[in-house]
Amino acid sequence: EIHAEVQLKNYGKFLEEYTSQLKRIEDALDDSVGDVWDFSLDPIALKLLPYEQSSLLELIKTENKVLNKVITVYAALCCEIKKLKYEAETKFYNGLLFYGEGATDSSMVEGDCQIQMGRFVSFLQELSCFVSRCYEVVVNVVHQLAVLYTSNK
């Protein structure tokens, strides 16, 4: 019984030392790993993205010619949707979100609202063309899905 208590105390000491050692290692790693890039110290950063060198048509090659055509159409539509999404995020979201912000009605001189709206008309024209293009792409996707679903071939 005394021997078991001695072993238990030794085991307790070991666990305390091991825990403190792990804590020191964790603290040392947090300092070095967490601050990999600091804007104030490192003004330049590298953004490494993988680059695919093969074209879409090379990736779609199969023995079945009909399947190749179907997959090519859907892949092209997916690429078009991705481009439209990027264009919407970069070109139109901020303009729509922040239109009219920054100035209160009481601080605007008479006629400023009309000038601001006049400058916004060209943006709205581009947005109208963009929405029309999105509509055309969505209609095309629906038509392609309908043909694939109802096809007997």
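By about how many helical turns are R133 and E136 separated in helix 4? R133 and E136 lie 3 residues apart in helix 4, so about one helical turn separates them. Helices here are DSSP runs of H or I with at least four residues, numbered, like strands (E, at least two), from the N terminus.

The structure is a predicted model, in which local features need pLDDT of at least 70 and side-chain atom pairs count only at pLDDT 80 or more, while totals for chains, interfaces and linings use all residues. Residues are numbered from 1 along each chain as its sequence is written, and side-chain values use heavy atoms, with hydrogens and water left out.

Side chains of opposite charge can pair when their charged atoms come close. A salt bridge is counted where a side-chain nitrogen of Lys or Arg lies within 4 Å of a carboxyl oxygen of Asp or Glu. This rule yields 4 salt bridges.

One of them joins R133 to E80, with the closest N and O atoms 3.1 Å apart. This pair connects distant parts of the chain: R133 belongs to helix 4 (residues 112–150) and E80 to helix 3 (residues 65–98), with their positions 53 residues apart in the numbering. R133 has a relative accessibility of 36% and therefore counts as partly exposed; the class lies between buried, under 20% relative accessible area, and exposed, over 50%, as computed with a 1.4 Å probe on protein chains only. E80, at 23%, is likewise classed as partly exposed.

R133 also forms a salt bridge with E136, where the closest N and O atoms are 3.4 Å apart. Through shared partners, salt bridges join E80, R133 and E136 into one network. E136 is partly exposed because its relative accessibility is 46%.

Another salt bridge pairs E126 with K91, and its closest N and O atoms are 3.1 Å apart. Here too distant parts of the chain are linked, since E126 lies in helix 4 and K91 in helix 3, 35 residues apart. A relative accessibility of 37% places E126 among the partly exposed residues, and K91 is partly exposed at 39%.

A further residue of helix 3 is V73. The relative accessibility of V73 is 32%, so V73 counts as partly exposed. Which distance in space separates V73 and V141, C-alpha to C-alpha? V73 and V141 are 9.3 Å apart by that measure, although 68 residues separate them in sequence.
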